[in-house]
Amino acid sequence: MKYRTVQKQINIKDNNCKLVLNLIRDNQENNISRAGIAKITKMSATSITRITDYLMNLGLVRQAEAVATGTVGRNGFQLQVVPDALLTAGISIDSDYVDVCLLDFDDEIISTERRELDRRPYAPEEILMTAKELFLNACKKAGVDSKLVKSIGISCIGNVDYQTGKVFFAPQFQWLNVELGKMANDIFEQPVFVDNDMKASLVGLSHRHKDIAHEDVTYLSVGMGVGSAVMYGGVLVRGSNNASGEVGHIIVQPGGRRCDCGQRGCIQTYLTKVSWIEQCQEEGNYVENIFQIYESFAREEEWAIKFVERQADHLALLIRNLVYMYNTEYILVGGAIIYDFPELFKLVEGKVEELLHVNLYSDLHLMRVPEKDNSVVGAAFMAQEIYMEKVLFKDAGV
């Protein structure tokens, strides 16, 4: 039996540092001062001064112009983050591409690179060497010395051990028990952290959309695969094997279509780009790419309307199941199909309402994700957060 341990004093200090730093980062446009932070956190002015001085000594925060405090006495000084204080990189390994981005400490993406992949198995070393080439290109494009990038986050498809970087399985590449984290550390010669792509995507979304950063959220992606991630109060739900949210392998039709996981009838054999093309061809509608399906639907061709309606039924049923499984206030639906074909989401919205009790639907915020590159951005944010926790705040003496 596992028991929770008592928080050590150093952990409390670390958390206070992160709390104050996040307040400064989230209030760049609100002229936040030490007095403002003390008012929000209920911490003493002495403690806030000690923490902000520590953050300035680390080079993460700087003092800007004086701002009115609204009280009698001297005005306070606005605190700002230093954009180039901490540069991190994000790498997204998907079945059809490798993405790279560079992130500064002001949460700005300063450079990106992408390489499309062929539909074939890839050796892990081949993928990582491609990623390193893209990383160096991104640094060159931004005019940044690659050695100044403090940490690299990798989001990868499949079941991943986020603590060691081991990929237990990624069937799209035919990977099994691959020590991706160790390989990446050797190839990049920099601290590298690896996590599942869906969890990275949700982290990316929570940073981009501050209003959901501390809420109960389910992210569902429909594209090359089907997957989800969940957080409660801004904290990721991982499960015992970091497999929480692997909804793509929920069997919806026993004995149905063959899945690359070895089973039949998984939801991702019906709701992915490749499976859409295969299903159309099996039904005698010989499309070569998924955009032909979108175009046929737009032209109101009968076969396309029936096909898309059926896929909308599948997706609505999956969302209904997510509501009952996780019961989060927000369900964000994204991925390549949703991004390229918003008409599918419009169909699904009405169908979900019919499948839920009134109280569950009325409290639900079902939203389409407008961005496409959340996993690579999330990987960069993960690298940033882990680096601060494991390196910068490791011996916080405040």
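Q: How do H8 and H9 pack in this predicted model, and at what angle?
A: In this predicted model, the packing of two helices is read from the angle between their axes together with the separation of those axes, and for H8 and H9 the angle is about 110° with the axes 8 Å apart. Since angles from 65 to 115 degrees count as roughly perpendicular, H8 is roughly perpendicular to H9. The handedness is a further descriptor, and H8 passes H9 in a left-handed crossing.

Q: Which residues make the contact between H8 and H9, and how do they divide by class?
A: On the H8 side the contact is made by Ile293, Ser296 and Phe297, while H9 brings Trp303, Ala304, Ile305, Phe307 and Val308. Sorted by class, the contact of H8 with H9 has seven nonpolar residues, one polar residue and no charged residues.

Q: What are the angle and the axis separation for H9 and H11?
A: H9 and H11 pack at an angle of about 50°, and their axes are 8 Å apart. An angle that is neither under 35 degrees, nor over 145, nor from 65 to 115 counts as oblique, and H9 and H11 are therefore oblique to each other. Their crossing is right-handed.

Q: Which residues of H9 and H11 form that contact, and how many of them are charged?
A: From H9 come Val308, Glu309, Gln311, Ala312, Asp313, Leu315, Ala316, Leu317, Ile319 and Arg320, and from H11 come Leu344, Leu347, Val348, Lys351, Val352 and Leu355. The residues of the contact of H9 with H11 divide into eleven nonpolar, one polar and four charged.

Q: How many residues does the largest nonpolar core have, and which elements supply it?
A: A core can be read through its members and through the elements that supply them. The largest nonpolar core here has 39 residues, and those with the most contacts inside it are Leu220, Trp276, Leu315, Ile319 and Leu344. At least two residues each come from strand E11 (217–222), strand E12 (226–232), helix H7 (273–282), helix H8 (290–298), helix H9 (302–326), strand E14 (330–334), helix H10 (336–340) and helix H11 (342–355). H9 gives the most to this core, namely eleven residues. A second, separate core of 34 residues includes Val167, Phe173, Ile187 and Val194.

Q: With which residues is leucine 220 in contact, once its neighbours within four places in sequence are left aside?
A: Leucine 220 then has contacts with Val226, Gly227, Ser228 and Val247, with Leu315, Leu318, Ile319 and Leu322, and with Leu332, Val333 and Gly334.

Q: How do H4 and H5 pack, and what is the handedness of their crossing?
A: Helix H4 (residues 124–142) and helix H5 (residues 180–188) pack at an angle of about 40°, with their axes 10 Å apart, and they are therefore oblique to each other. The crossing of H4 and H5 is right-handed. In the contact, Pro124, Glu125, Leu128, Met129, Ala131, Lys132 and Phe135 of H4 meet Leu180, Met183, Ala184, Ile187 and Phe188 of H5, and by class these residues divide into ten nonpolar, no polar and two charged.

Q: What sign of phi do most residues other than glycine have?
A: Most residues other than glycine have a negative phi. In this structure, asparagine 177 has a positive phi of about 55° although it is not a glycine, and asparagine 242 likewise has a positive phi, of about 60°.

Q: Where do asparagine 177 and asparagine 242 lie, and is each buried or partly exposed?
A: Asparagine 177 lies in strand E9 (residues 175–179) and is partly exposed, with a relative accessible area of 44%. Asparagine 242 is found in the loop between strand E13 (235–236) and H7, and at 3% relative accessibility asparagine 242 counts as buried, the cut-off for buried being under 20%.

Q: How far apart in sequence and in space are glutamine 63 and leucine 79?
A: Separation along the chain and separation in space are read side by side. Glutamine 63, found in strand E1 (residues 61–67), is 16 residues from leucine 79 in sequence and 4.8 Å from leucine 79 in space, C-alpha to C-alpha. Leaving aside neighbours within four places in sequence, glutamine 63 is in contact with Arg34, Met56, Phe77, Gln78 and Leu79, and with a relative accessible area of 39% glutamine 63 is partly exposed.

Methods: Residues are numbered from 1 along each chain as its sequence is written. This is a predicted model: local features need pLDDT of at least 70, side-chain atom pairs count only at pLDDT 80 or more; totals for chains, interfaces and linings use all residues. Side-chain values use heavy atoms; hydrogens and water are left out. A nonpolar core is a set of buried Ala, Val, Leu, Ile, Met, Phe, Trp, Tyr and Cys residues joined through side-chain atoms within 4.5 Å. Buried means under 20% relative accessible area, exposed over 50%, partly exposed in between (1.4 Å probe, protein chains only). Helices (H or I, at least four residues) and strands (E, at least two) are DSSP runs, numbered from the N terminus. Contact means heavy atoms within 4.5 Å. Axes are lines fitted to C-alpha atoms, for helices over the stretch in contact, and angles run from 0 to 180 degrees between N-to-C directions. A crossing is left-handed if the near helix is turned anticlockwise from the far one by less than a right angle, and right-handed if clockwise. Ala, Val, Leu, Ile, Met, Phe, Trp, Tyr, Cys and Pro count as nonpolar, Asp, Glu, Lys and Arg as charged, and the others, Gly among them, as polar.
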